[in-house]
Amino acid sequence: MSRFAPHGPDSRDGRIYVLSQELQLAIDVALATDRPLLLSGDPGSGKSSLAPFYAREKHLRYYEHVVTSRTQATDLLWTFDSVRRLGDAQAHHGRLNDGAYVDPGVLWWALAPESARTRGGLLRDVHHHDPLNRFQHEHGTRGSVVLIDEIDKADPDVPNSLLVPLGSQEFTIAETGTTVRREPDVPAPLIVITTNGERQLPQAFLRRCVTYTLPGPTPENLVRIAQMHLEHEGVPFDNEMVDLAVALADELVHVRENEQLGRERLPSTAEYLDALRACRELNVRPGYPQWPLVRSLTLAKSPQQER
C-alpha cells in the first residue's frame with residue numbers, strides 16, 4: 001500500500017498549501033506597506049504553513065523562530081554567548097572581541113545577510129554562511145520570508161520590543177554597540193507572525209501589522225487539500241478516495257458545528273489530514289465498525305461524543 005510521506009501531513013516543508021485569493025491579497029498588502037502579516041485562526045488552520053510555502057514558491061530564503069514563554073525579543077535579532085565569553089576571559093588575559101560571541105538571529109539574517117555572515121566583520125565558516133536558512137538551495141537570493149510562530153506565547157514585552165526593529169528595520173547589538181541595518185540590495189522580507197489567541201497582543205503591535213484571520217475549513221477546501229496531498233504522494237484520487245475525502249470533510253464540519261461538544265479547540269485541517277491518513281492506511285470507511293472510534297480519535301477527539 002502506498003503511504004503518506006514519512007514526515008506526515010504537518011511537515012511544514014512548504015510543498016502543499018491552498019492559497020486563497022483573500023490571503024494572497026493580505027500578503028500583497030503586507031509587502032506593499034512593508035508591514036508584518038499577523039495571522040490568526042484555529043490551531044491547525046494553516047497559519048504556520050503559509051510562510052514556508054510562499055518562500056518555496058517564490059524561491060526565497062526561509063527562516064523561522066518558534067516562540068516560547070522564555071523567548072526574548074533579542075533572540076530574534078541576536079544571541080550573546082556570555083557563558084563562553086566568561087570561560088574564555090578566565091582562560092586568557094588578553095582583550096576579547098565581544099563580536100566573536102554574537103550569533104545572528106532570524107531577523108538579522110533576513111535584513112542583512114552579509115553582515116550576519118561576517119558577524120559585523122568576523123568571517124564565519126564559509127561552509128555554514130547561512131545556517132538558519134531552512135531552504136539552503138535558495139541561499140543565493142537576497143529576498144527572504146521570516147516566520148515568527150506563536151508570538152502570543154511570549155511575554156507582552158516581546159512584541160512591544162519588536163516594534164522598533166520591525167518598523168525601522170535596524171537594531172543595535174547591546175554587547176558590541178554595532179548597528180545592523182537592512183542592506184541596500186536586500187528586499188524587505190515578508191515577515192509572517194502567527195497567534196493562537198492565547199494571550200491578547202498589545203494594541204501598538206496590532207497597529208503595526210497587517211492582520212488576517214484564516215477562516216474555518218469548508219468541505220470544498222478540505223477535499224482539495226486531500227487531493228493535493230494524495231497526488232503529491234503519487235496516490236490516485238479515484239472515486240473511492242473522493243468518497244472518503246468528502247465523507248471526512250462533512251464529518252469534520254459536523255463536529256465543528258456541533259455546539260454540544262462545548263470545546264474551545266475545534267478540529268481543523270490538521271485533524272482532517274490525520275483522519276484521512278488513518279482511514280486510508282487502515283482501510284476504514286464511514287459505516288465500518290471501527291469508524292466511530294477512528295472518528296473520535298482523529299476528528300472529535302472525544303470518545304464520549306460518538307454519533
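Ile151, Asp152, Ala154, Asp155, Pro156, Pro159, Arg199, Gln200, Leu201 and Pro202 line the second largest cavity of this predicted model. About 30 Å³ of space lies inside that cavity. If you sort its lining by chemistry, you get six nonpolar residues, one polar residue and three charged ones. How can such a space be found at all? Rolling a probe the size of a water molecule over the atoms shows where empty space is left.

How many cavities of 30 Å³ or more does the model have? The count is two. The largest cavity holds about 40 Å³. Asp34, Arg35, Pro36, Leu166, Gln169, Pro189, Ile191 and Arg208 form its lining, and these residues divide into four nonpolar, one polar and three charged.

Two residues from that lining deserve a second look, so to speak, for their backbone angles. Most residues other than glycine have a negative phi, and most peptide bonds are trans. Asp34, however, has a positive phi near 60 degrees, and Gln169 has a positive phi of about 55 degrees. Both sit in loops: Asp34 lies between α1 (21–33) and β1, while Gln169 lies between α7 (163–168) and β6 (170–172). Are they buried or exposed? Asp34 is partly exposed because its relative accessibility is 28%. Gln169 is buried, with a relative accessible area of 8%.

Now step back to the whole chain. The protein chain has 12 helices and nine strands. Of its 307 residues, 46% are buried. Look also at the contacts whose partners have a separation of 6 or more: 74% of them are between residues 24 or more positions apart.

Let us follow some strands, beginning with β5, residues 144–149. Why can we call β5 largely enclosed by the rest of the structure? The reason is that six of its six residues are buried. In a regular strand the side chains alternate between the two faces of the sheet. In β5, Ser144, Val146 and Ile148 are on one side, with Val145, Leu147 and Asp149 on the other, and both faces are covered.

Strand β5 also has neighbors to pair with. Strand β2 (residues 61–66) runs parallel to β5 and is joined to it by six bridges. Strand β8 (residues 190–194) pairs with β5 in the parallel sense too, over four bridges. Leu147 is a handy residue to find on your screen: it is the bridge partner of Glu64, and its bridge partner in β8 is Val192.

Compare this with strand β9, residues 210–213. Here Val210 and Tyr212 make up a covered face, whereas Thr211 and Thr213 make up an uncovered one. Strand β9 pairs with β1 (residues 37–40) in the parallel sense over four bridges. Within that pairing, Leu37 has Val210 as its bridge partner in β9.

Next, turn to the helix α12. It is largely enclosed by the rest of the structure, because seven of its 10 residues are buried. Those buried residues are Trp291, Val294, Arg295, Ser296, Thr298, Leu299 and Ala300. What do they pack against? Their partners are α10 and α11. Leu299, in α12 (residues 291–300), is buried with a relative accessible area of 0%. The C-alpha atom of Leu299 is separated by 9.4 Å from that of Ala270, although the two residues are 29 residues apart along the chain.

The loop between α10 (239–257) and α11 (269–282) contains Ser268. At 1% relative accessibility, Ser268 counts as buried. Leaving out residues up to four places away in sequence, Ser268 touches Pro43, Gly44, Ser45, Pro217, Leu252 and Arg256.

Finally, consider two cysteines. Cys209 is buried at 9% relative accessibility, and Cys279 is buried as well, at 0%. How many disulfides are counted in the model? The count comes to zero, under a rule that asks for a pair of cysteine sulfur atoms within 2.5 Å.

Notes:
Residues are numbered from 1 along each chain as its sequence is written. This is a predicted model: local features need pLDDT of at least 70, side-chain atom pairs count only at pLDDT 80 or more; totals for chains, interfaces and linings use all residues. Side-chain values use heavy atoms; hydrogens and water are left out. Helices (H or I, at least four residues) and strands (E, at least two) are DSSP runs, numbered from the N terminus. Buried means under 20% relative accessible area, exposed over 50%, partly exposed in between (1.4 Å probe, protein chains only). On a 1 Å grid over the protein atoms alone, a cavity is a set of points where a 1.4 Å probe fits but cannot get out, and a pocket is an open set with protein on both sides within 12 Å along at least five of seven lines; lining residues have an atom within 4 Å of a point. Grid points are joined across faces, edges and corners, and a volume is the space filled by probe spheres set on the points. Ala, Val, Leu, Ile, Met, Phe, Trp, Tyr, Cys and Pro count as nonpolar, Asp, Glu, Lys and Arg as charged, and the others, Gly among them, as polar. Two strands pair if DSSP finds at least two bridges between them. Contact means heavy atoms within 4.5 Å.
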